[in-house]
Amino acid sequence: MKGLFYCTNCETFQETKLIEKEQTFRVKGRNITLTAPVRVCCDCGEEILDTELDNETLKLFYKEYRRKENLLQPEEIRRIRNKYKLSQASFSKFLGFGEKTITRYENGALQDACHDNAIRLMDSMESFSILWKVRKDCLSAKEQQKIREIMKTYNRVKVSSEYINLCTYRSVSNNNYSTEGVFDNAG
């Protein structure tokens, strides 16, 4: 009976099809409206329960909620965590969250704005470095070493980039391009 779903209206397993339907779902007090797939009975047209499809549709509503609320998407959270080569539990601990918090967010749970802001700040190496000074001891020696290497590489790239920018500025200055007024307020 692969592909057949139980229709409560027909009271039997029936062939079904997917149709697009506008749906509204309330997420954390906000109505989200999307056009999403719905499974219907081919015989009577009644909507059919499809748990897998419903779970995927719920993810679409959560994704849209995050977009409207300007919250990080799960893949963005994962990218930030992977930047420091930390496990989900270690990244949670480092941020001062519960051990499973990052796991839940990466799996699609909705984060609050406070947690979102903390994670978002970690995308900046400068912000990460500030927290690193006070929270590094909560990580294992192996994790600390990995992060030290990441920070060394970042600092080498940063210095190299600043050098290239300085050389570019000098080259532009030596070619008689006017930079008058550009650096007046540089302090």
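**Exercise 1. Start from Tyr-84 and work out which aromatic partner it stacks on, and what that pair connects.**

Tyr-84 is buried, with a relative accessible area of 0%. Keep in mind as you work that this is a predicted model.

*Step 1.* Look for ring pairs throughout the structure: the search finds six aromatic pairs. One of them joins Tyr-84 to Phe-128, with 3.7 Å from centre to centre and 5° between the planes. Planes under 30 degrees apart count as stacked, and this pair is stacked.

*Step 2.* Place the two residues. Tyr-84 sits in the loop between H2 and helix H3 (88-95), while Phe-128 belongs to helix H6, so the pair ties together parts that are 44 residues apart in sequence.

*Step 3.* Check the partner's exposure. Phe-128 has 0% relative accessibility and therefore counts as buried.

**Exercise 2. Find the tilted pair that Phe-94 makes, and say which cluster it belongs to.**

*Step 1.* Phe-94 pairs with Trp-132 at 6.5 Å centre to centre, with 40° between the planes, and the pair is tilted.

*Step 2.* Now trace the chain. Phe-94 is in helix H3 and Trp-132 in helix H6, so this pair links distant parts of the chain, 38 residues apart. Both of these residues are buried.

*Step 3.* Put the rings together: Tyr-84, Phe-94, Phe-128 and Trp-132 form one aromatic cluster.

**Exercise 3. Sort the residues of helix H6 by side.**

*Step 1.* List the buried residues of H6, which spans residues 125-135: Met-125, Phe-128, Ser-129 and Trp-132.

*Step 2.* Ask how they are arranged around the axis. They lie on the same side of H6, because they cover an arc of only 105°.

*Step 3.* Recall the helix geometry. With 3.6 residues a turn in an α-helix, residues three or four places apart point the same way.

*Step 4.* Turn to the other side of H6, where Ile-130, Lys-133 and Val-134 are exposed.

**Exercise 4. Glu-64 carries an acidic side chain: is it buried or exposed, and what does it touch?**

*Step 1.* Locate Glu-64 in helix H1.

*Step 2.* Compare its relative accessible area of 15% with the cut-off: Glu-64 is buried, since buried means under 20%.

*Step 3.* Look beyond the neighbours within four places in sequence, and Glu-64 is in contact with Ile-32 and Leu-34. Leu-34 is 30 residues away along the chain, and the C-alpha atoms of Glu-64 and Leu-34 are 8.4 Å apart.

**Exercise 5. Describe the surroundings of Gln-73, then the largest pocket that it helps to line.**

*Step 1.* Gln-73 is found in the loop between helix H1 (51-69) and helix H2 (74-83). Its relative accessibility is 10%, so Gln-73 counts as buried.

*Step 2.* Setting aside residues up to four places away in sequence, Gln-73 touches Lys-63, Arg-66 and Arg-67. A polar atom of the Gln-73 side chain lies 3.1 Å from the backbone oxygen of Lys-63.

*Step 3.* Next, the pocket. The largest pocket has a volume of about 170 Å³. Its lining includes Gln-73, along with Lys-63 and Arg-66; Pro-74, Glu-75, Asn-107 and Gly-108 are also among the lining residues.

*Step 4.* Finally, assign the lining to elements. H1 and H2 are the elements that give two or more residues to the lining of the largest pocket. H1 gives the most, with six residues.

Terms used: Residues are numbered from 1 along each chain as its sequence is written. This is a predicted model: local features need pLDDT of at least 70, side-chain atom pairs count only at pLDDT 80 or more; totals for chains, interfaces and linings use all residues. Side-chain values use heavy atoms; hydrogens and water are left out. Helices (H or I, at least four residues) and strands (E, at least two) are DSSP runs, numbered from the N terminus. Buried means under 20% relative accessible area, exposed over 50%, partly exposed in between (1.4 Å probe, protein chains only). A polar contact is a pair of N or O atoms within 3.5 Å; within protein, one must be able to donate a hydrogen and the other to accept it, and residues adjacent in sequence count only if both atoms are side-chain atoms. Contact means heavy atoms within 4.5 Å. The arc is that of the directions from the helix axis to the C-beta atoms. Rings of Phe, Tyr and Trp (its six-membered ring) pair if their centres lie within 6.5 Å; planes under 30 degrees apart count as stacked, over 60 as edge-to-face and the rest as tilted. On a 1 Å grid over the protein atoms alone, a cavity is a set of points where a 1.4 Å probe fits but cannot get out, and a pocket is an open set with protein on both sides within 12 Å along at least five of seven lines; lining residues have an atom within 4 Å of a point. Grid points are joined across faces, edges and corners, and a volume is the space filled by probe spheres set on the points.
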